[in-house]
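Q: Hi! I'm new to this one, so could you walk me through it while I look?

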Amino acid sequence: MMIIPKDLTSENIFSKIFDTINKIFGIIKKDKPKAKGRPRKYTDEQIVACMIYQVKYSIFSLRELEWRIKQDATFKAIIGLKDVPDYTTLSIRINSIEKHIFYGIFNITVALIDPSLRLCAIDSTALRSSNYDSEAQYGVGSRLGTYKGYKLHLAASADDIYIPIAFAVTTAEVYDNQVSDILYDIKTFNPFLILADAAYDDTEWFKKAKSLEINLLTDINMRRANSIESFRDQERYKNALFLESPIGQRLYRNRISIEQLFSTLKGLYNLENPRLYGKQRYIRHIQWVLFAYLLDEYTKKQEGIKSRKYPWNQ
């Protein structure tokens, strides 16, 4: 067995990541009774670390992930792997984690980061797929025009740091105002104000936001109205009046944060991956990209780094 110097493992990026993963699972297991029987050969923490490794190195498949980890003695030493789980084992364990605890570890990580949720923003971004993906659909993006693929609908803090708090994945033809159920997930974090573009200026959105006691501020969608005085929905009318006020304009400028977050996720984490086939594979990719981003943001907070620049420019 190869012996890895301790200072080499401690300086590796995955050392801090694995420490954070262990901390998150420590919170989950705190009040959970100890399982009976023989312990699993690979812990949930190790499997999650393998998925973050896949994101970090833009690995396409579980077969490739298995092969790459076998070549990386330092990573195996950091997470305590004597032998590497095969791709079948990885698939089974990942399915179980995604089904039972993924949203738990996601929400715990957000809580550990503890971002200011005074202001949040929501928007969607186009994610192109292969033209041969039979599950993908055609839609229209603001920058891409007509494309085939999926959409990530994402809500994130928009104040000091940009932290995802809720998300949904649909095929490309789904309009932004058709995913109002995401408000229930957002409510978990009880934000004060959610900022959105004109696509969310919709009666159903304001009705649901009001029932959940969430403040929603959107850009104005005039549709066929000549002026905001023509709006029949009182919530949309009050939103338009507030948006046109000086304080409304000042608050709404923070909506740009969600665009900056999408740019980071696509530029650093390869959020858009046309090589993937099938909606479920794309959802899996998106979930672990978002979680990897959260782990990095937690590490930055621990180290006192507030810069939003790419690592090589910090």
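Q: Which helix is Ile-286 in?
A: Ile-286 belongs to helix α13, which covers residues 279-302. A quick note before we go on: this is a predicted model.

Q: Got it. Is Ile-286 buried or exposed?
A: Buried: its relative accessible area is 0%, and the cut-off for buried is under 20%.

Q: What does Ile-286 touch, leaving aside its neighbours within four places in sequence?
A: Ile-286 is in contact with Leu-127, Leu-152, Val-169 and Leu-271, once those sequence neighbours are left aside.

Q: And how far is Ile-286 from Val-55 in space?
A: Their C-alpha atoms are 9.6 Å apart, while 231 residues separate Ile-286 and Val-55 in sequence.

Q: Let's zoom out. How many helices and strands are there in the protein chain?
A: The protein chain has 13 helices and 6 strands.

Q: What about the overall dimensions?
A: Along the principal axes, the C-alpha atoms fill a box of roughly 75 × 45 × 45 Å. The radius of gyration is 21 Å, which agrees with the value near 20 Å that a compact globule of 314 residues would have.

Q: How much of the chain counts as buried?
A: 51% of the 314 residues do. The accessible surface comes to about 16800 Å², and carbon and sulfur atoms account for 50% of that surface.

Q: What share of the contacts joins residues 24 or more positions apart?
A: That share is 65%, counting contacts in the protein chain with a separation of 6 or more.

Q: And the charges?
A: The protein chain has 46 positive and 37 negative charges, and the mean positions of the two sets are 4 Å apart.

Q: Switching to rings: how many aromatic pairs are there?
A: The count comes to 15 aromatic pairs. One of them is Tyr-53 with Phe-75, with ring centres 4.4 Å apart and planes at 40 degrees, so this pair is tilted.

Q: Where do those two sit in the chain?
A: Tyr-53 is in helix α3 (residues 44-56) and Phe-75 is in helix α5 (residues 73-79), so to speak of the pair as a link between distant parts of the chain is fair, with the two positions 22 residues apart.

Q: Are Tyr-53 and Phe-75 buried or exposed?
A: Tyr-53 is buried at a relative accessible area of 3%, and Phe-75 is buried at 1%.

Q: Which residues form the aromatic cluster?
A: One cluster is made up of Phe-102, Tyr-103, Phe-106, Phe-167, Trp-288 and Phe-291.

Q: Back to that tilted pair. Which residue touches both rings' owners?
A: Ile-69 does: among its contacts beyond four places in sequence are Tyr-53 and Phe-75, along with Cys-50, Lys-76, Leu-81 and Val-84. Ile-69 sits in helix α4 (residues 62-71) and is buried, with a relative accessible area of 0%. Its C-alpha atom is 9.4 Å from that of Pro-85, 16 residues away along the chain.

Q: Can you show me something in a strand?
A: Sure, try Ala-156 in strand β3, residues 145-157. Ala-156 is buried, at a relative accessible area of 2%. Leaving aside neighbours within four places in sequence, its contacts include Cys-120, Ala-121, Ile-163 and Ile-258. From Ala-156 to Phe-106 the C-alpha distance is 13 Å, with the two positions 50 residues apart in sequence.

Q: And the loops?
A: Met-222 is in the loop between β6 (215-218) and α10 (234-243). Met-222 is partly exposed, with a relative accessible area of 29%. Not counting residues up to four places away in sequence, Met-222 touches Ser-227, Ile-228 and Phe-231.

Q: Which residues have a positive phi although they are not glycines?
A: Two to look at are Asn-190, with a phi of about 50 degrees, and Glu-213, with a phi of about 60 degrees. Most residues other than glycine have a negative phi.

Q: Where can I find them?
A: Asn-190 is in the loop between α8 (182-187) and β5 (193-196). Glu-213 is in the loop between α9 (203-211) and β6, and Glu-213 is exposed, with a relative accessible area of 66%.

How values were computed: Residues are numbered from 1 along each chain as its sequence is written. This is a predicted model: local features need pLDDT of at least 70, side-chain atom pairs count only at pLDDT 80 or more; totals for chains, interfaces and linings use all residues. Side-chain values use heavy atoms; hydrogens and water are left out. Helices (H or I, at least four residues) and strands (E, at least two) are DSSP runs, numbered from the N terminus. The radius of gyration is taken over C-alpha atoms; the globule rule is 2.2 Å times the number of residues to the power 0.38. Buried means under 20% relative accessible area, exposed over 50%, partly exposed in between (1.4 Å probe, protein chains only). Contact means heavy atoms within 4.5 Å. Accessible areas come from the Shrake-Rupley method with a 1.4 Å probe; for residues, only the protein chains shown count as cover. Lys and Arg count as positive and Asp and Glu as negative; His and the chain ends are not counted. The place of a charge is taken as NZ of Lys, CZ of Arg, CG of Asp or CD of Glu. Rings of Phe, Tyr and Trp (its six-membered ring) pair if their centres lie within 6.5 Å; planes under 30 degrees apart count as stacked, over 60 as edge-to-face and the rest as tilted.
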